[in-house]
Amino acid sequence: MNTHLSILSEVKAGNYKVLARTLTLVENDIRPADSILRDLDSGVNVPVLGITGPPGAGKSTLVNAITNYFTSKGKRIAILAIDPTSPFNFGSLLGDRIRMAGQFNNPNVFIRSLATRGALGGISAKTIEMVDILKAANFDLIIVETVGVGQSEVEIAGLADKTVVVLVPESGDEIQNIKSGLMEIADCFVINKADREGADVFANNLKKIVHQGPKTIPILKTVADKNTGIDELCAWIIKPSASDHNRKAFLFAEKAWRLIQHEKMRGIDKKRLLEKIQTALKQDDFNIYRFADEFIRNG
């Protein structure tokens, strides 16, 4: 049997060690990653839940509570936590995921952290590829938790089957962004830390905005660290969605666009780009557009 087919067989059998190594191969473009990806079945129907929202909304705590709910019912959960990339070391800043520490020894949970690698909305071609590998591992649910950075987070729509936007009662500024971005991607709004003052007023204001939109979006209240409201949220998560062929085509078009974009950029070494920029900035006549033209021509 070919090496990559043997690897895929182990991944499908639920071998976490092989799965972790395979994700590393894919993340770093190490052979036989390309062969593994090209032998995946894109028709595998494992639901992907996107969870996004501003920093401090309690996304990790919410993911932890959702995971506890489903694992208590014997379900296997994969979590891909997408973290900001440090501009200095190009690594993942929040890889430890302390709030989810209790899940690491759970045999029904697989957790992986992934740096955004400069993708504004937190979604890179690597995210798409790694989620597809996780789909091959026969999990019952894949949760993708992304960096909350406002409008650019719309990119999660190209990856998840359902997207939860997590807000907190103090999220006044995010309310202003809803019409201009978050409304497009939210399948459900969750007001977390709903035991805080102002939660009801915030929920009512959000409902007024949501009712002006073209689709009905549920607004749920949770207190994730106390497990409040989690049952209702999880009931919504597993509720079948109406089949939408246009949305499916949109999801795959988004995937294809990112993969093609990534392939076109494959030869660009970001560290070399930084070094060249540092040198070029010393020149009095530095111009970013001329610099980009030169870099494209000569690397």
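**Notes on the aromatic contacts and the overall fold**

1. Let's start with the rings: Y16, F110 and F139 make up one aromatic cluster. Keep in mind that this is a predicted model. The cluster also has a charge next to it, since R76 places its charged end over the ring of F139, 4.5 Å from the ring centre.

2. In total, the structure has six aromatic pairs. Take Y16 and F110: their rings meet edge-to-face, with 5.4 Å centre to centre and 65° between the planes. This pair ties together distant parts of the chain, as Y16 belongs to helix 2 (residues 16–27) and F110 to strand 3 (residues 109–115), 94 residues apart.

3. Are the two partners buried or exposed? Y16 has 22% relative accessibility, so it goes down as partly exposed; the cut-off for buried is under 20%. F110, with a relative accessible area of 7%, is buried.

4. Further along there is F286 with F291, a tilted pair at 6.1 Å centre to centre and 50° between the planes. Tilted is the right label because the angle is neither under 30 degrees, which would be stacked, nor over 60, which would be edge-to-face. Here too the burial is split: F286 is partly exposed at 28% relative accessibility, whereas F291 is buried at 12%.

5. If you care about charges over rings, have a look at K162 as well. It lies over the face of W236, at 4.5 Å from the ring centre.

6. Back to helix 2, which is also where T22 is found. T22 is buried, with a relative accessible area of just 1%. What does T22 touch, leaving aside its neighbours within four places in sequence? The contacts are I7, V11, I36 and I133.

7. Now for the whole chain. The secondary structure adds up to eleven helices and seven strands. Of the 299 residues, 46% count as buried; T22, F110 and F291 are among the buried residues mentioned above.

8. How much of the contact set is long-range in sequence? Counting contacts with a separation of 6 or more, 77% come from residues 24 or more positions apart. The Y16 and F110 pair, 94 residues apart, gives you a concrete case to look at on screen.

9. Last, the surface: the protein exposes about 16,000 Å², and carbon and sulfur atoms supply 51% of that area.

Definitions and conventions: Residues are numbered from 1 along each chain as its sequence is written. This is a predicted model: local features need pLDDT of at least 70, side-chain atom pairs count only at pLDDT 80 or more; totals for chains, interfaces and linings use all residues. Side-chain values use heavy atoms; hydrogens and water are left out. Rings of Phe, Tyr and Trp (its six-membered ring) pair if their centres lie within 6.5 Å; planes under 30 degrees apart count as stacked, over 60 as edge-to-face and the rest as tilted. Helices (H or I, at least four residues) and strands (E, at least two) are DSSP runs, numbered from the N terminus. Buried means under 20% relative accessible area, exposed over 50%, partly exposed in between (1.4 Å probe, protein chains only). A charge sits over a ring if NZ of Lys or CZ of Arg is within 6 Å of the ring centre and within 35 degrees of the ring normal. Contact means heavy atoms within 4.5 Å. Accessible areas come from the Shrake-Rupley method with a 1.4 Å probe; for residues, only the protein chains shown count as cover.
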